[in-house]
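Welcome! Please take a moment to look over the sequence and the 3D view below, and then read on for a short guided tour.

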Amino acid sequence: MAFQGNFTCNSFKEALLKGDVDFLVDTIKIALYTNSATLNASTTAYTTSGEVVATGYTAGGNTLTPTVTLSDGVAFVDFGDSTWNASFTARGALIYKDGGTAICVLDFGDDKTSTTQFKVEFPVNTSTSALIRVD
């Protein structure tokens, strides 16, 4: 089954309430996937199944640098953009706690191909547009 949307993973919702994910302490990563990956709200952890394989891309993806902010009664997480100096095609991504919980699935909407550099740009860091928000 191919990508079918963006999801906050159920495992993350549970882990957040149990205190098992700490964006300021844990290593948070982003891995890229082809359209053959099966990632959705039920994804529980990082998987290599369907992950991009290319020169310049390392399995497991890149480490993200999260920033946690509270504004207007909303807590939200921002990540710096992530870049790979490589040529490949990806359909989506998984943000996850290294060695643990899947946090969210990102569907790029269609295949995205780079010839020299692949960049995932995150939304503006505000209480209404950040990727991960708790209000």
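About 6,900 Å² of the protein is exposed, and carbon and sulfur atoms supply 48% of that area; accessible areas come from the Shrake-Rupley method with a 1.4 Å probe, and for residues only the protein chains shown count as cover. This is a predicted model, in which local features need pLDDT of at least 70 and side-chain atom pairs count only at pLDDT 80 or more, while totals for chains, interfaces and linings use all residues. Residues are numbered from 1 along each chain as its sequence is written, and side-chain values use heavy atoms, with hydrogens and water left out.

**The whole protein**

The protein has one helix and 10 strands, where helices (H or I, at least four residues) and strands (E, at least two) are DSSP runs numbered from the N terminus. Their order along the sequence is β-α-β-β-β-β-β-β-β-β-β. The C-alpha trace spans about 40 × 25 × 25 Å along its principal axes. The radius of gyration, taken over C-alpha atoms, is 14 Å, which agrees with the value near 14 Å for a compact globule of 135 residues; the globule rule is 2.2 Å times the number of residues to the power 0.38. Of the 135 residues, 42% are buried, meaning under 20% relative accessible area, with exposed over 50% and partly exposed in between (1.4 Å probe, protein chains only).

**Strand β2**

Strand β2 covers residues 28–33, and six of its six residues are buried. Ile28, Ile30 and Leu32 point one way, while Lys29, Ala31 and Tyr33 point the other way. In a regular strand the side chains alternate between the two faces of the sheet.

Which strands pair with β2? The table shows two of its partners; strands pair if DSSP finds at least two bridges between them.

| Partner of β2 | Sense | Bridges | Residue opposite Lys29 |
|---|---|---|---|
| β3 (residues 62–64) | antiparallel | three bridges | Thr63 |
| β7 (residues 89–97) | antiparallel | six bridges | Tyr96 |

**Asp107 in strand β8**

Asp107 lies in β8, which covers residues 102–113. Is Asp107 buried or exposed? Asp107 counts as buried because its relative accessibility is 15%. Its side chain forms a polar contact of 2.9 Å with the side chain of Arg91; such a contact is a pair of N or O atoms within 3.5 Å, and within protein one must be able to donate a hydrogen and the other to accept it, with residues adjacent in sequence counting only if both atoms are side-chain atoms. The Asp107 side chain also reaches the backbone nitrogen of Gly109 at 2.8 Å.
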